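Thanks for passing this one along. Here are my notes, point by point, for you to read with the model open.

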Amino acid sequence: MAGKRHETPVLETVKGRQKSPPLYKVVLLNDDFTPMDFVIEVLQQFFSKTREQATQIMLQVHTEGAGICGVYSKDIAATKVDQVGAFARQHQHPLQCVMEES
């Protein structure tokens, strides 16, 4: 009687690099109505910027029309955009915050 060989399947590991998820820039847009101090407050409160960092970004928004607040994963960026929008509306400012893929 010939013996049957039971072969155990062999799992091979595939060495490869997983692709990192895309990152998104959170950007504040300039307008003619939102006070500069409010923009600084937003940057400190929602993006953990120091007063100096927040002032630099605010000046960039003011002079160039937009300023990058930070780079985050999609979910975190979307949450920050929503938080800033809600905070601006609550204080009756038209400040716009958007996210762009890096």
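1. Start with Thr34: its side chain reaches the backbone nitrogen of Leu95 at 3.3 Å. This is a predicted model, so take that distance as a computed one. Thr34 is found in the loop between β1 and α1. Leaving out residues up to four places away in sequence, Thr34 touches Val39, His93, Pro94 and Leu95. Is Thr34 buried or exposed? Its relative accessibility is 11%, and since buried means under 20%, Thr34 counts as buried.

2. Next, the helix that comes after that loop. Helix α1 covers residues 36-47, which is 12 residues. At 1.5 Å a residue it should span 16 Å, and its end C-alpha atoms are indeed 16 Å apart, so the two agree.

3. Which residues of α1 are buried? They are Phe38, Val39, Ile40, Val42, Leu43, Phe46 and Phe47. When you look at the spacing in that list, keep in mind that an α-helix has 3.6 residues a turn, so residues three or four places apart point the same way. As for what covers the buried residues of α1, the cover includes β1 (23-29), α2 (51-64), β2 and α3 (74-90). Val39 is worth a second click, as it is buried in α1 and is also one of the residues that Thr34 touches.

4. Gln44 is in helix α1 too, but it counts as partly exposed, because its relative accessibility is 31% and the partly exposed class runs between 20% and 50%. Setting aside neighbours within four places in sequence, Gln44 is in contact with Lys49, Thr50, Arg51 and Ala54. Take Ala54 from that group: Gln44 and Ala54 are 10 residues apart in sequence, and their C-alpha atoms are 6.3 Å apart in space.

5. Two backbone angles deserve a look. Ser48 follows α1 and sits in the loop between α1 and α2. Its phi is positive, about 55 degrees, although Ser48 is not a glycine. Gln92 has a positive phi as well, near 60 degrees, and again the residue is not a glycine. Gln92 is found in the loop between α3 and β3 (96-101). Where do these two stand on accessibility? Ser48 is exposed, with a relative accessible area of 64%, and Gln92 is exposed, with 73%.

6. On the surface, Leu23, Ile68 and Val71 make a nonpolar patch of about 240 Å². Ile68 lies in strand β2, residues 66-73. Ile68 counts as partly exposed because its relative accessibility is 41%. For the whole protein, the exposed area is about 7800 Å², and carbon and sulfur atoms supply 51% of that.

7. Last, the overall layout. How many helices and strands are there? The protein has 3 helices and 3 strands, and along the sequence they follow the pattern β-α-α-β-α-β. Of the 102 residues in the protein, 30% are buried. Among contacts with a separation of 6 or more, 72% are between residues 24 or more positions apart. For one example of a contact across the sequence, go back to point 1, where Thr34 touches Leu95.

Technical notes: Residues are numbered from 1 along each chain as its sequence is written. This is a predicted model: local features need pLDDT of at least 70, side-chain atom pairs count only at pLDDT 80 or more; totals for chains, interfaces and linings use all residues. Side-chain values use heavy atoms; hydrogens and water are left out. Patches are made of residues with over 30% relative accessible area and no salt bridge: like charges are joined within 9 Å, nonpolar side chains (Val, Leu, Ile, Met, Phe, Trp, Tyr) within 5 Å. Accessible areas come from the Shrake-Rupley method with a 1.4 Å probe; for residues, only the protein chains shown count as cover. A salt bridge is a side-chain nitrogen of Lys or Arg within 4 Å of a carboxyl oxygen of Asp or Glu. Helices (H or I, at least four residues) and strands (E, at least two) are DSSP runs, numbered from the N terminus. Buried means under 20% relative accessible area, exposed over 50%, partly exposed in between (1.4 Å probe, protein chains only). Contact means heavy atoms within 4.5 Å. The expected span of a helix is 1.5 Å times one less than its number of residues. A polar contact is a pair of N or O atoms within 3.5 Å; within protein, one must be able to donate a hydrogen and the other to accept it, and residues adjacent in sequence count only if both atoms are side-chain atoms.
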